[in-house]
Amino acid sequence: RLWSERFWNKLTLAHGCYWHRCAFCDTSLDYIARYDAADARTVLRWMDAVHAQTGRTGFHFVDEAAPPALLRQVATALALRGAPYAWWTNIRLDRPFGADLARALADGGCIAVSTGLECPSDRLLRLMRKGTSLREAARILTVFAEAGILTHAYLMYGFPTQTVQETVDGLDFVRGLFLRKVLHSAYWHRFALTCHSPIAAEPERFRIRLLPHDARFACNEIPYCEPRAADHARL
């Protein structure tokens with residue numbers, strides 16, 4: 001509903017992703033690999049300028065992963081001004097996001113965060129180099145929810161080597177997050193292999209075999225074969 005029910009000014013805090021290691025991501029492309037963050041003063045100047053142009057006070061920072069330290073600086077400065085803007089952004093489930101930072105973001109106008117939980121399985125999170133765990137994910141979602149910030153998770157199924165039991169266990173983990181009211185929205189999608197990802201560069205590590213393809217930037221999904229794969233279509 002955030003996407004479609006009101007107008008958002010779109011800005012980025014940083015070019016690229018400060019993590020850029022996830023195995024499924026197009027990490028070899030410039031828009032992910034080259035990380036270049038603005039400073040808080042510049043971000044505030046941008047927000048004021050765009051507000052003056054549009055008359056709208058809502059902002060969506062469309063970063064791949066908004067940097068925690070910069071978020072704190074921006075939110076603190078906005079809080080000192082009475083939090084004149086409402087905003088939301090995409091984050092990584094990273095250790096710096098604690099209760100104090102979540103409260104600071106809420107005080108500065110943050111109303112929601114979206115995040116990639118991906119496959120809710122510690123084994124698969126390690127395999128995809130996600131840099132987080134289920135315990136850490138639950139903790140971070142909890143501190144955001146307790147601060148009054150809405151949370152949305154992007155999820156995937158059918159990741160190479162994922163078993164039926166891991167898929168079922170992942171569904172149950174997410175169900176528990178909803179029951180505890182620390183996750184408010186989620187979207188599952190089927191894993192897709194893209195040609196600029198580390199998985200495409202090391203298919204053997206993920207026990208898959210690439211099939212003939214003519215992948216390009218604008219049409220970059222690669223067909224592949226996974227022997228002994230679970231019936232993900234049925235799931």
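**Strands, a buried helix and aromatic pairs**

Trainee: Which way do β5 and β6 run, and how many bridges join them?
Mentor: In this predicted model, β5 and β6 run parallel. Within the pairing, Trp87 stands opposite Cys110 in β6. The number of bridges that join β5 to β6 is 5.

Trainee: Which residue stands opposite Gly58?
Mentor: Start with the strands. β4, residues 58-61, pairs with β5 in the parallel sense over 4 bridges. Opposite Gly58, in β5, stands Ala86.

Trainee: What is the bridge partner of Gly116 in β7?
Mentor: β6 pairs with β7 in the parallel sense, over 6 bridges. In β7, the partner of Gly116 is Tyr154.

Trainee: Which residue of β8 stands opposite Leu155?
Mentor: β7 and β8 run parallel and are joined by 6 bridges. Opposite Leu155 stands Trp188.

Trainee: Which strands stand at the edges of the sheet?
Mentor: The sheet is open and has 6 strands, in the order β1-β4-β5-β6-β7-β8, with parallel pairing. Two of them have a single partner strand each, so one side of each is left without a neighbour in the sheet. Those edge strands are β1 (9-11) and β8 (185-190).

Trainee: By how many degrees are neighbouring strands of this sheet turned against each other on average?
Mentor: Direction is ignored for this angle. The average turn between neighbouring strands is 20 degrees.

Trainee: Why is β6 described as largely enclosed by the rest of the structure?
Mentor: Look at burial, which means under 20% relative accessible area. β6 has 9 residues, and it is largely enclosed because the number of them buried is 8.

Trainee: What span should helix α6 have, and how far apart are its end C-alpha atoms?
Mentor: α6 covers residues 134-146, which is 13 residues. At 1.5 Å a residue, the helix should span 18 Å. That agrees with the distance between its end C-alpha atoms, 18 Å.

Trainee: How many residues of α6 are buried, and what do they pack against?
Mentor: Of its 13 residues, 10 are buried, so α6 is largely enclosed by the rest of the structure. Among them are Leu134, Ile140, Leu141 and Phe144. The buried residues pack against β5, α4 (99-107), β6, α5 (122-127), β7 and α7 (164-179).

Trainee: Which residue just after α6 takes a positive phi?
Mentor: The phi there is about 85 degrees. The residue is Gly148.

Trainee: How many aromatic pairs does the whole structure hold, and what is the geometry of Phe159 with Phe191?
Mentor: A search of the whole structure finds 9 aromatic pairs. The ring centres of Phe159 and Phe191 are 5.2 Å apart. Their planes stand at 70 degrees, so the pair is edge-to-face.

Trainee: How many residues apart in sequence are the parts that this pair ties together?
Mentor: Both Phe159 and Phe191 are buried. Phe159 lies in the loop between β7 and α7, and Phe191 in the loop between β8 and α8 (198-201). The pair therefore ties together parts separated in sequence by 32 residues.

Trainee: Which residues form one aromatic cluster with Phe159?
Mentor: Phe159 and Phe206 also make an edge-to-face pair, 6.2 Å centre to centre with 85 degrees between the planes. Phe206 sits in the loop between α8 and β9 (209-210), 47 residues from Phe159. The cluster joins Phe159 with Phe191, Phe206 and Tyr224.

Trainee: Over which rings do the charged ends of Arg6 and Arg21 sit?
Mentor: The charged end of Arg6 is 4.3 Å from the centre of its ring, that of Trp8. For Arg21 the distance is 4.0 Å, and the ring is that of Trp19.

Notes
Residues are numbered from 1 along each chain as its sequence is written. This is a predicted model: local features need pLDDT of at least 70, side-chain atom pairs count only at pLDDT 80 or more; totals for chains, interfaces and linings use all residues. Side-chain values use heavy atoms; hydrogens and water are left out. Helices (H or I, at least four residues) and strands (E, at least two) are DSSP runs, numbered from the N terminus. The expected span of a helix is 1.5 Å times one less than its number of residues. Buried means under 20% relative accessible area, exposed over 50%, partly exposed in between (1.4 Å probe, protein chains only). Contact means heavy atoms within 4.5 Å. Two strands pair if DSSP finds at least two bridges between them. Axes are lines fitted to C-alpha atoms, for helices over the stretch in contact, and angles run from 0 to 180 degrees between N-to-C directions. Rings of Phe, Tyr and Trp (its six-membered ring) pair if their centres lie within 6.5 Å; planes under 30 degrees apart count as stacked, over 60 as edge-to-face and the rest as tilted. A charge sits over a ring if NZ of Lys or CZ of Arg is within 6 Å of the ring centre and within 35 degrees of the ring normal.
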